[in-house]
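Let's take a friendly walk around a protein and the small molecule it holds. Keep the picture open as you read.

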Amino acid sequence: MSDKVKELISKCLQARDMAYCPYSRFPVAAAILTADGAIITGCNVENASYGLTVCAERTAIQRAVVEGYRKFTAIAVTCDIKDRFVGPCGACRQVLMEFGSDWIVYLTKPDGSYKETSLLELLPLAFSPAHLAKN
Ligand SMILES: O=c1ccn([C@H]2C[C@H](O)[C@@H](CO)O2)c(=O)[nH]1
Ligand SMILES: [Zn+2]
């Protein structure tokens with residue numbers, strides 16, 4: 001594992017402690033690696049209305065965009081599930097696709113072990129910004 005991936009995984013695991021999830025009690029975190037090597041984290045932020053809950057992956061990407069980043073290479077995601085690798089929800093996959101299809105995705109267990117996959121594998125035949133330009 002490269003030092004950068006180690007740092008990405010470790011910051012992702014740390015960010016899980018920041019999750020605001022009083023309703024589901026299901027903390028989730030994400031850490032995004034930008035093309036120039038910065039790491040931006042996110043956690044799920046729930047709401048009493050339930051439907052306004054924002055996933056960890058989307059808080060991370062929104063934070064990254066506000067901080068001026070638009071080029072990304074990888075995202076690590078983690079939750080409390082220990083016995084299997086868990087991927088981002090469908091909504092988050094689509095939101096990641098907005099910023100390119102060639103993301104590496106590290107599905108990370110609480111002990112830091114991970115499975116490497118890609119956004120293309122998680123969202124095949126995706127609709128993306130490129131389709132709008134072709135009309
Ligand atoms: O990809 C996902 C799926 C779920 N959650 C959060 C939303 C909610 O707070 C909790 C239970 O669904 O997990 C995420 O952060 N990311
Ligand atoms: Zn999601």
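## Polar contacts with the ligand

Start at Glu46: an N or O atom in the Glu46 side chain is 2.5 Å from an oxygen atom of ligand 1. Keep in mind that this is a predicted model, and the distances are computed from it. Next, look at Ala56, where a backbone N or O atom lies 2.9 Å from an oxygen atom of ligand 1. Glu57 joins in with its side chain, which has a polar atom 2.9 Å from a nitrogen atom of ligand 1.

How much of the accessible area of ligand 1 does the protein cover? On its own, ligand 1 has 370 Å² of accessible area, and the protein covers 76% of that.

## The shell and the pocket

Where does ligand 1 sit? You will find ligand 1 in the largest pocket. The residues around ligand 1 include Ser24, Phe26, Val28, Thr53 and Pro88. Also among them are Asn44, Glu46, Cys55, Ala56, Glu57 and Cys89.

If you sort this shell by chemical character, six residues are nonpolar, three are polar and two are charged.

## Binding sites in the record

Now compare the model with UniProt. An unreviewed UniProt entry gives the feature "binding site" at Cys55, Cys89 and Cys92. These residues are spread over 38 residues of sequence, yet they cluster in space, with a largest C-alpha distance of 8.4 Å. Of these residues, Cys55 and Cys89 are included in the lining of the largest pocket. To find Cys89 along the chain, look in the loop between β3 (72-79) and α3 (90-97).

The unreviewed entry in UniProt also lists "binding site" for Asn44, Val45, Glu46, Asn47, Ala48, Ser49 and Tyr50. Which of these residues does the lining of the largest pocket include? The lining includes Asn44 and Glu46. As for Asn47, this residue is found in the loop between β2 (39-43) and α2 (56-66).

## The annotated domain

Finally, step back to a longer stretch of chain. The UniProt annotation "domain: CMP/dCMP-type deaminase", from an unreviewed entry, covers residues 3-130. Over residues 3-130, the chain is 30% helix and 23% strand. The C-alpha atoms at the two ends of this stretch are 33 Å apart.

Notes:
Residues are numbered from 1 along each chain as its sequence is written. Chains are lettered from A and ligands numbered from 1 in the order in which they are written. This is a predicted model: local features need pLDDT of at least 70, side-chain atom pairs count only at pLDDT 80 or more; totals for chains, interfaces and linings use all residues. Side-chain values use heavy atoms; hydrogens and water are left out. A residue is near a molecule or strand if one of its heavy atoms lies within 4 Å of it. A polar contact is a pair of N or O atoms within 3.5 Å; within protein, one must be able to donate a hydrogen and the other to accept it, and residues adjacent in sequence count only if both atoms are side-chain atoms. Accessible areas come from the Shrake-Rupley method with a 1.4 Å probe; for residues, only the protein chains shown count as cover. On a 1 Å grid over the protein atoms alone, a cavity is a set of points where a 1.4 Å probe fits but cannot get out, and a pocket is an open set with protein on both sides within 12 Å along at least five of seven lines; lining residues have an atom within 4 Å of a point. A molecule sits in a cavity or pocket if more than half of its atoms lie within 2 Å of its grid points. Ala, Val, Leu, Ile, Met, Phe, Trp, Tyr, Cys and Pro count as nonpolar, Asp, Glu, Lys and Arg as charged, and the others, Gly among them, as polar. UniProt positions are given in the numbering used here, feature names are shortened, and annotations may be inferred rather than shown by experiment. Helices (H or I, at least four residues) and strands (E, at least two) are DSSP runs, numbered from the N terminus.
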